[in-house]
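Colleague: Could you go through this structure with me? I have some short questions.

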Protein chains: 2
Amino acid sequence: MVRRTGRRPGNQDTRQSILHAARAVFAERGYDKASIRAIAGAAEVDPALVHHYFGTKDKLFLASMNMPIDPSKLLPEALAGPRESAGVRLVGLVLRIWDSPAGAAALAVFRSALSNEWTARLMREFVVTQVLRRAVTELSLDPAEAPIRSALTATQIAGLLFVRYVLRIEPVASMPAEALTRAVGPSVQHYLTGDLPQL
Amino acid sequence: MVRRTGRRPGNQDTRQSILHAARAVFAERGYDKASIRAIAGAAEVDPALVHHYFGTKDKLFLASMNMPIDPSKLLPEALAGPRESAGVRLVGLVLRIWDSPAGAAALAVFRSALSNEWTARLMREFVVTQVLRRAVTELSLDPAEAPIRSALTATQIAGLLFVRYVLRIEPVASMPAEALTRAVGPSVQHYLTGDLPQL
DNA sequence: TGTTGATTTCAACGCTAGATGAATTTCTCG
DNA sequence: CGAGAAATTCATCTAGCGTTGAAATCAACA
C-alpha cells in the first residue's frame, strides 16, 4: 500500500465551478470568443488554474460538453411508438433538451459550429453518427432513402434551433415548445416517412 | 466648375480589389476570423491602405455587403404567380442566389451571424424587414397569421442553408438545386398557406 | 513541527488583432 | 520643372489571446 503524504485532494469544488462557468460562457459566446480569462473570471479563479486542471482550451471545451446529454438513451425513447407521430416526438425532444439547463452545452456546440472548423466537424460527426444514424435504424427506414431523409430532417431541425435560439426571431423565439412542436412536427414527419419527390 | 489641382482620382482598381477580396474572405471565414491583414494580403495591398479607404472593419464589411443582391427586385418576381406554388419558387430563388457567385456575400452574413452579435442583428433586421415583410404583403397573408407563418418559413430556409452550405451534410450538400427545391418547397408552401394547428 | 504534495497565484512570453500617423512614392497640373 | 494632392507603405501602439513555469499558499500526515 502506497502511503501518500501531503495534502489530500480536497477542494474539487473549483474544478466543478470552472466546468459550469465554461459551459455558460461557451454557450453564450461560442468557442472562439469565449476566452479562458473570461471563463476564469466567471468562476472567480485565476486563468492559470484552468490550464492546470484542463490543459488546453480544446480539452476544456470537450470536458465541459461531455456529460450533459446522452442521445443513445433519449432517442429510442422518443422514437419508439407509432411511426406516424415520430416527427412530432422528435421535435418535442429537441426543444425539451434545448430549453433545459443542459441545453446550454448543446447551444455552445451549435454557436461554435459556424466560427470554428473543428467544432463544426465535431457537431457534424455527432449529428450524423449519434442522431441521424440512430434514428434511421430506429425507424427502420429504407437504406436507399435513409441519407436523404435524415439530411432533410436535419435542415428543418437545425433551422428551428437557429431561428429560435440564435436569431431569436419572433414569435418562434418565445413560443411555448408545445405549440412549436405542433407547427413544425408534421414537416419533420413528412421528411421521415412521407412521399419523396423524384430526385 | 471646380478645377481641382493635384493628382486626379485615377486608380480605383485597388479600391475594387479590396472590396472583392473582402467579400471572398468574409464569406470564407466569417466576420470575426476575417482579418484586415488577410484581406489586404488577398488584394495584394498594405493593410493600412484598407483603413485608408474604408476606415474601420465594420465599415468595410458593410461596404462589401452593400451591392450584391436586391431582394426588392427578386422577391416579387419569385412570389408572383399562383399562391399554391409560391413556396417552391421561393426555395428555388434562395438556392439560385446562394449557388451564384453573388451568394458569397450572403454566405458571409450568414457565417458571421453566429459569431458576432451585431452581424446577427444586421441579418435579423434584413431578413425581417426586407424579406419576410415583403413576402407577407406580396402573398397578402392574414395579418394575424403573418408573423408566425413567416417565422416558420424562416426556420425551414435557414436550416436548408445551414445544412447545405455550412455543415455540408450529404446528400443535401451536393444535390442539384432543382431536386432540393422539389423536396423542401412543399414544406415552405405549407408554412405560407397551409393549415396552422391551434397555437 | 516540519515535510510533502496538491492547490492557487503571479508575472511574463509570443503571437495576432485593429488601428494610427508620419513618411514616402506616384501622378497631374500650372 | 516643381508644387501639391492623392495613393501607398512603414513602423508602431494598444489590447487581448492561449500558454507556461516558477513561486507562494495551504492542508494533511509523520
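Colleague: Which residue forms a salt bridge with Lys33(A)?

Modeller: Asp32(B) does, with the closest N and O atoms 3.9 Å apart. A salt bridge here is a side-chain nitrogen of Lys or Arg within 4 Å of a carboxyl oxygen of Asp or Glu. The pair crosses between chains, from helix 1 (residues 13-33) of chain B to helix 1 (residues 13-33) of chain A. Helices are DSSP runs of H or I with at least four residues, strands are runs of E with at least two, and both are numbered from the N terminus.

Colleague: Before I go on, what should I know about the model and the numbering?

Modeller: This is a predicted model, in which local features need pLDDT of at least 70 and side-chain atom pairs count only at pLDDT 80 or more, while totals for chains, interfaces and linings use all residues. Residues are numbered from 1 along each chain as its sequence is written, chains are lettered from A and ligands numbered from 1 in the order in which they are written, and side-chain values use heavy atoms, with hydrogens and water left out.

Colleague: Back to the charges. Is Asp32(B) buried, exposed or partly exposed?

Modeller: Asp32(B) is partly exposed, at 28% relative accessibility. Lys33(A) is also partly exposed, with a relative accessible area of 40%. The cut-offs are under 20% relative accessible area for buried and over 50% for exposed, with partly exposed in between, using a 1.4 Å probe and protein chains only.

Colleague: How many salt bridges are there over all chains?

Modeller: Five, from a search of the whole structure. One of them joins Arg164(A) to Asp99(A), with the closest N and O atoms 3.2 Å apart. Arg164(A) is in helix 9 (residues 146-167) of chain A and Asp99(A) is in helix 6 (residues 86-99) of chain A, so this pair ties together parts that are 65 residues apart in sequence. Arg164(A) is buried at 6% relative accessibility, whereas Asp99(A) is partly exposed at 40%.

Colleague: What does Glu145(A) form a salt bridge with?

Modeller: Its partner is Arg149(A), at 3.0 Å between the closest N and O atoms. Glu145(A) is partly exposed, with a relative accessible area of 29%, and Arg149(A) is buried at 6%.

Colleague: New topic. How does chain A lie on chain B?

Modeller: A turn of 179 degrees and a shift of 0.0 Å along the axis lay chain A on chain B with an RMSD of 0.2 Å. That is the relation of a two-fold axis. The superposition is by least squares on the C-alpha atoms of residues with pLDDT of at least 70 in both copies.

Colleague: Which residue of chain A comes closest to the rotation axis?

Modeller: Gly159(A), whose C-alpha is 1.7 Å from the axis.

Colleague: And why do you say the copies meet through the same surface?

Modeller: Because 100% of the interface residues of chain A are also interface residues in chain B.

Colleague: What about the core: which residues touch the most other members?

Modeller: Phe26(A), Leu60(A), Val184(A), Phe26(B) and Leu60(B), in a largest nonpolar core of 138 residues. Such a core is a set of buried Ala, Val, Leu, Ile, Met, Phe, Trp, Tyr and Cys residues joined through side-chain atoms within 4.5 Å. Not counting residues up to four places away in sequence, Val184(A) touches Val91(A), Gln156(A), Leu160(A), Leu152(B) and Tyr191(B). Contact means heavy atoms within 4.5 Å.

Colleague: Where is Gln189(B)?

Modeller: Gln189(B) is in helix 10 (residues 177-193) of chain B, and is buried, with a relative accessible area of 10%. The side chain of Gln189(B) reaches the backbone nitrogen of Gly87(B) at 2.6 Å. Beyond four places in sequence, the contacts of Gln189(B) include Arg83(B), Ser85(B) and Gly194(B).

Colleague: Any odd backbone? What joins Glu170(A) and Pro171(A)?

Modeller: A cis peptide bond, with omega about 0 degrees. Pro171(A) is in the loop between helix 9 and helix 10 of chain A. In chain B, a cis peptide bond joins Glu170(B) and Pro171(B), with omega about 5 degrees. Arg168(A) has a positive phi of about 55 degrees although it is not a glycine, and Arg168(A) is in the loop between helix 9 and helix 10 of chain A.

Colleague: Last one. Which residues of chain A does the "DNA-binding region" annotation cover?

Modeller: Residues 35-54, according to the unreviewed UniProt entry. UniProt positions are given in the numbering used here, feature names are shortened, and annotations may be inferred rather than shown by experiment. Over residues 35-54 the chain is 75% helix and 0% strand, with the end C-alpha atoms 14 Å apart.

How values were computed:
A polar contact is a pair of N or O atoms within 3.5 Å; within protein, one must be able to donate a hydrogen and the other to accept it, and residues adjacent in sequence count only if both atoms are side-chain atoms.
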